[in-house]
Amino acid sequence: MSNPVRTLPDRRSAARLAARIAAGESRLGRARRVGRMLRALAVAYPDARCELDFTNPLELAVATILSAQCTDKRVNEVTPALFTRYPAAVDYAEADRAELEELIRPTGFFRNKATALIGLGQAVVERHGGRLPNTLDELVKLPGIGRKTANVILGNAFGIPGITVDTHFGRLVRRWGWTTLDDPVKVEHAVGALVPKRDWTMVSHHVIYHGRRVCHARKPACGVCTIAVDCPAFGTGPTDPAQAAVLVKGPETAHLLALAGFGTPDGDGAMSTAVDEGP
Ligand code: SF4
């Protein structure tokens with residue numbers, strides 16, 4: 001994939017883009033813009049994946065339930081011992097509550113989560129013979145599993161494309177002008193209509209990765225953002241690359257700053273970002 005260098009937009013061009021989107025961006029224009037952003041995100045995060053550790057669908061369901069109000073890193077610290085102690089749905093169904101609560105205590109809300117895990121184990125044993133089902137309709141009927149969790153499981157454990165809309169995903173795609181809708185199911189359908197189905201799972205990862213590393217809720221790192229040129233919210237955070245660079249988080253920071261050309265101003269002194277050329 002080519003990575004031609006682009007100059008960061010100025011606030012005026014971002015405002016023009018925002019006005020164009022507010023006035024009603026054409027379907028083709030939006031599809032092209034979203035496509036450019038997604039190709040740039042694929043370059044930024046070539047190793048994007050589900051950040052929860054698991055080896056089978058049940059483990060992913062358990063890890064996703066534990067990830068509510070908790071970081072993936074903390075969940076990954078807890079699950080090795082948990083998965084060893086409870087390898088199958090029946091083990092959760094028959095779990096000693098006090099012991100289970102103690103194991104998952106570091107993830108917070110451990111009493112509610114223990115209730116969900118025991119209920120999940122019982123339901124999977126009673127309704128599905130101990131195997132986690134692989135359809136949205138069946139998954140969302142299980143204790144502790146909503147539509148978001150079901151899509152995580154479908155996309156990452158069963159290879160069935162799914163868009164995972166949580167509050168962060170919704171915040172980002174509204175900020176980027178992909179949709180104005182608030183309802184998570186409507187957001188899921190709106191984004192799904194912009195992106196080929198085969199890419200749905202990876203789109204979820206790329207959006208979430210960018211939100212965690214660069215496009216933070218309060219102070220996004222606009223000055224080193226590789227999708228800035230197509231973002232109507234450019235300027236929400238610092239546009240000065242040096243101020244923006246310190247806001248970038250995560251293991252890909254050096255790679256992201258290199259893509260943004262941080263420290264290598266081009267000839268006319270403007271900082272450049274390396275993003276994929278649009279169609
Ligand atoms: S960091 Fe700034 S420019 Fe980049 S996507 Fe977020 S708001 Fe837009």
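**A chat about helices, a ligand and a few odd residues**

Analyst: Let's start with helix 9, residues 147-157, which is mostly covered: 10 of its 11 residues are buried. Keep in mind that this is a predicted model.

User: Okay! Which residues of helix 9 are buried?

Analyst: They run through Lys148, Thr149, Ala150, Asn151, Val152, Ile153, Leu154, Gly155, Asn156 and Ala157.

User: And what do the buried residues of helix 9 pack against?

Analyst: Their partners are helix 3 (57-66), helix 8 (136-139) and helix 12. Just after helix 9 comes Gly159, with a positive phi of about 70°.

User: You mentioned helix 12. At what angle do the axes of helix 10 and helix 12 cross?

Analyst: Roughly 85°, and the axes come within 9 Å. Helix 10 covers residues 167-175 and helix 12 covers residues 200-213. An angle from 65 to 115 degrees counts as roughly perpendicular, so that is the word for helix 10 and helix 12.

User: Which residues make the contact?

Analyst: Helix 10 brings His168, Phe169, Leu172 and Val173, while helix 12 brings Ser204, Val207, Ile208 and Gly211. By type, the contact of helix 10 with helix 12 has 5 nonpolar residues, 3 polar and no charged.

User: Switching topic: how many residues surround the ligand?

Analyst: There are 15, and the closest are Cys215, Pro220, Cys222, Cys225 and Cys231. The shell around the ligand splits into 12 nonpolar, 2 polar and 1 charged.

User: I spotted Cys231 there. What else touches Cys231, or where does it come up again?

Analyst: Cys231 is among the residues that Ala14 touches, along with Pro9, Pro232, Phe234 and Gly235, leaving out residues up to four places away in sequence. Ala14 lies in helix 1, residues 11-24.

User: Is Ala14 buried or exposed?

Analyst: Ala14 is buried, because it has 22 C-beta neighbours inside 10 Å and the cut-off for buried is 20 or more. Ala14 and Ala228 are 214 residues apart in sequence, yet their C-alpha atoms are 8.5 Å apart in space.

User: Cool. Now Val78, what does Val78 touch?

Analyst: Val78 touches Leu66, Leu103, Ile104, Pro106 and Thr107, again not counting residues up to four places away in sequence. Val78 sits in helix 4, residues 72-85. With 19 other C-beta atoms within 10 Å, Val78 is partly exposed. Ala63 is 15 residues from Val78 in sequence and 9.1 Å from Val78 in space, C-alpha to C-alpha.

User: Gly159 had a positive phi. Where is Gln69, and what is its phi?

Analyst: Gln69 is in the loop between helix 3 and helix 4. Its phi is positive, about 55°, although Gln69 is not a glycine. Gln69 is exposed, with 10 other C-beta atoms within 10 Å.

User: And what about Phe109, what is its phi?

Analyst: Phe109 has a positive phi near 45°, and it is a residue other than glycine too. Phe109 is found in the loop between helix 6 (97-104) and helix 7 (110-128). Phe109 counts as partly exposed, with 15 C-beta neighbours inside 10 Å.

User: Last one: what pLDDT does the chain average?

Analyst: The average is 90, and 91% of the residues score at least 70.

User: Where does pLDDT stay under 50?

Analyst: One stretch is residues 1-5, where the model has 11 contacts beyond four places in sequence. Another is residues 264-279, with 42 such contacts in the model.

Technical notes: Residues are numbered from 1 along each chain as its sequence is written. This is a predicted model: local features need pLDDT of at least 70, side-chain atom pairs count only at pLDDT 80 or more; totals for chains, interfaces and linings use all residues. A residue is near a molecule or strand if its C-beta atom, placed from the backbone, lies within 6 Å of it. Ala, Val, Leu, Ile, Met, Phe, Trp, Tyr, Cys and Pro count as nonpolar, Asp, Glu, Lys and Arg as charged, and the others, Gly among them, as polar. Axes are lines fitted to C-alpha atoms, for helices over the stretch in contact, and angles run from 0 to 180 degrees between N-to-C directions. Helices (H or I, at least four residues) and strands (E, at least two) are DSSP runs, numbered from the N terminus. Angles under 35 degrees count as roughly parallel, over 145 as roughly antiparallel, 65 to 115 as roughly perpendicular and the rest as oblique. Two residues are in contact if their C-beta atoms, placed from the backbone, lie within 7 Å. pLDDT is the predictor's confidence in each residue, from 0 to 100. A residue is buried if 20 or more other C-beta atoms lie within 10 Å of its own, exposed if 12 or fewer, and partly exposed in between; C-beta atoms are placed from the backbone.
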